[in-house]
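Could you take me on a guided tour of this structure? I have it open in a viewer and would like to know what to select next and what is there.

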Amino acid sequence: MKVNVQVNGVPYERDVEPRTLLAYFLREACGLTGTHVGCDTSSCGCCVVVMDGSRAVKSCTLFAVQADGHALLTVEGLAEGGKLHPLQQGFWDQHGLQCGYCTPGMLLASYALLKHNPNPNETEIREALAGNLCRCTGYQNIVKAVQQAARSNANAGTSQ
Amino acid sequence: MIPAAFEYLRAHSTDEAFTHLQQHGGEARVLAGGQSLIPAMRFRLARPAVLVDINGIEELNFLRPRSGVLAIGAIARDSDIERAAWIGERRWSLLHDASRMVADPVVRQMGTVVGSLCHNDPAGDWTAVALAARAEVVVRGKSGQRTVAVDDFLVDSFTTRVGEGELALEVRFPVPDERTAGSYQKVERKVGDFATAAGAVQVSLNVDGTIRGAGVTLSAAGPCAIRVEEAERLLTGQKPSVELLRAAADAASRRSSPQADLRGSVEYKKNLAGVLVARGLAQALQRLGVRL
């Protein structure tokens, strides 16, 4: 079945089985391996991507055919012109990752959070990331990273 | 695991979805948020031959109060409720609580209330909430639309009154009056796990401070959500007191019939059901300004 999606602004048309999950579509049909697969059953949040600008979804629990006609944002689309996205910069500066496996999902779930709530407090950040597991950091630095990104956005006067 | 192969049909209107469902009957499943169905398919616990995707049906994407009823369409997301402008009003506190406790925040951006009701998981959140709030589900069948009270709708684990070839269109919550508040209490081992136990309560007061009516229900305490009628009867007409809450909680404990699993023993879960109902009632009354 034909699936047409915009991923990070680039159109992709691929012919896949309806049972192909979006995470595998991105990784194997589009070659975008930044989206990770962890638990594969919607528990860990590694595979989170953003659909239609502000909705975070677990791409292991969505069929690629459901994304037909929609716009997706993956970790590959965050940086612009070689400049890290404020969230990526925050994770870099605050040591918000160690092994990095959960990081794409953390970034995209945080991206959706800041779209809906540009200035979240610590509790709101922790609640918004409750569906994303990290086994390295203990979460403290991830929270700090999102806080830095929110401050950075506020200073730049943008909600990006 | 990768799900078994299926035929995928995308519907753009309820008419189109209904036609597909009528044609494929028991072979077909409706795909709404998919946050329970897709994992079940991945574990091969579900192997539908046909999926009818209703996510593109804009006419089912609504969340609106109309003539005393809050209607939630079949593809309105849990997160739409969590973010609704009016959800902070006291009268909606039961829905508000639940909307922040279902699964996890990313899953809530796909998951739907109607889908959760149709799935009827023994540990579902919206089933207990809809029961406590005395909601109704609108189902489209061969002979047209019918409205089914949630008490009747929830038949047994993973079984509802939605028959083969039928489609649940919306759930209707009665708009509570200003002297109504609720509370949803859930204990889970971690965010996103199935509940160890959960309790939903909604309480309406008379002007004189006595209880006009109460909804008291449990989840993860039996084959599907349970109404604790004895607690509702005990509360109605009475002035709130610590003793009254304890009696209602004891009734909930007695009524619950949980199964032992990794989350706890039967004894523990029965006790927990009572504790959660007591907490829920206390919080709902506190929200109504009642001091116990």
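Start by selecting S4(B) and S5(B), which make a hairpin with two residues between them. In the turn, click on B:Ser67, whose phi is positive at about 40°. Strand S4 covers residues 63-66 of chain B and strand S5 covers residues 69-73; the two run antiparallel and are joined by four bridges. To see one of the pairings, pick B:Leu63, whose bridge partner in S5(B) is B:Ile72. Strands here are DSSP runs of E with at least two residues, helices are runs of H or I with at least four residues, and both are numbered from the N terminus. Two strands pair if DSSP finds at least two bridges between them.

A word on conventions before moving on. You are looking at a predicted model, in which local features need pLDDT of at least 70 and side-chain atom pairs count only at pLDDT 80 or more, while totals for chains, interfaces and linings use all residues. Residues are numbered from 1 along each chain as its sequence is written, and chains are lettered from A and ligands numbered from 1 in the order in which they are written.

**Chain B as a whole**

Now select chain B. Its secondary structure comes to 10 helices and 14 strands. The radius of gyration of chain B is 19 Å, close to the 19 Å that the globule rule gives for 292 residues, so chain B is as compact as a globular protein of that length. (The radius is taken over C-alpha atoms, and the rule is 2.2 Å times the number of residues to the power 0.38.) Along the principal axes, the C-alpha atoms of chain B fill a box of roughly 55 × 45 × 35 Å.

Try colouring chain B by domain: domain 1 is 7-53, domain 2 is 60-174 and domain 3 is 180-287. These bounds come from an automatic or database domain assignment. Between the C-alpha centres of domain 1 and domain 3 of chain B there are 34 Å.

**A sheet with a helix across it**

Next, show S11, S12, S13 and S14 of chain B. They form an open sheet in the order S11-S12-S13-S14, with antiparallel pairing. Its edge strands are S11 (180-188) and S14 (226-227) of chain B, each of which pairs on one side only. Inside the sheet, S12 (residues 195-205) and S13 (residues 211-219) of chain B are antiparallel and joined by eight bridges. B:Val201 is a good residue to click, with B:Val216 as its bridge partner in S13(B).

Add H10(B) to the view: this helix lies across S11, S12 and S13 of chain B and runs at about 35° to S12(B). Angles run from 0 to 180 degrees between N-to-C directions, and axes are lines fitted to C-alpha atoms, for helices over the stretch in contact.

Then bring in helix H9 (residues 242-255) of chain B, which packs with H10 (residues 266-287) of chain B at an angle of about 145°, their axes 7 Å apart. Among the residues of H9(B) that meet H10(B) are B:Leu245, B:Ala249 and B:Ala252, and on the H10(B) side they include B:Gly274, B:Val277 and B:Leu281. (Contact requires C-beta atoms, placed from the backbone, within 7 Å.) By class, this helix contact has 10 nonpolar, three polar and three charged residues. Here Ala, Val, Leu, Ile, Met, Phe, Trp, Tyr, Cys and Pro count as nonpolar, Asp, Glu, Lys and Arg as charged, and the others, Gly among them, as polar.

**Across to chain A**

Where do the chains meet? Select the 21 residues of chain B that are in contact with 23 residues of chain A. Helix H2 (residues 37-42) of chain B gives the largest share of the chain B side, three residues.

In chain A, domain 1 is 2-77 and domain 2 is 86-153, and their C-alpha centres lie 20 Å apart. Between them, 16 residues of domain 1 of chain A are in contact with 14 residues of domain 2 of chain A. On the domain 1 side that touches domain 2, the residues divide into nine nonpolar, six polar and one charged.

**Last stop**

Finish with the five-stranded open sheet of chain A, in the order S2-S1-S5-S3-S4 with mixed pairing. Helix H3 (residues 103-116) of chain A lies across S3, S4 and S5 (71-73) of chain A, at about 35° to S3(A).

Definitions and conventions: Contact = placed C-beta atoms within 7 Å.
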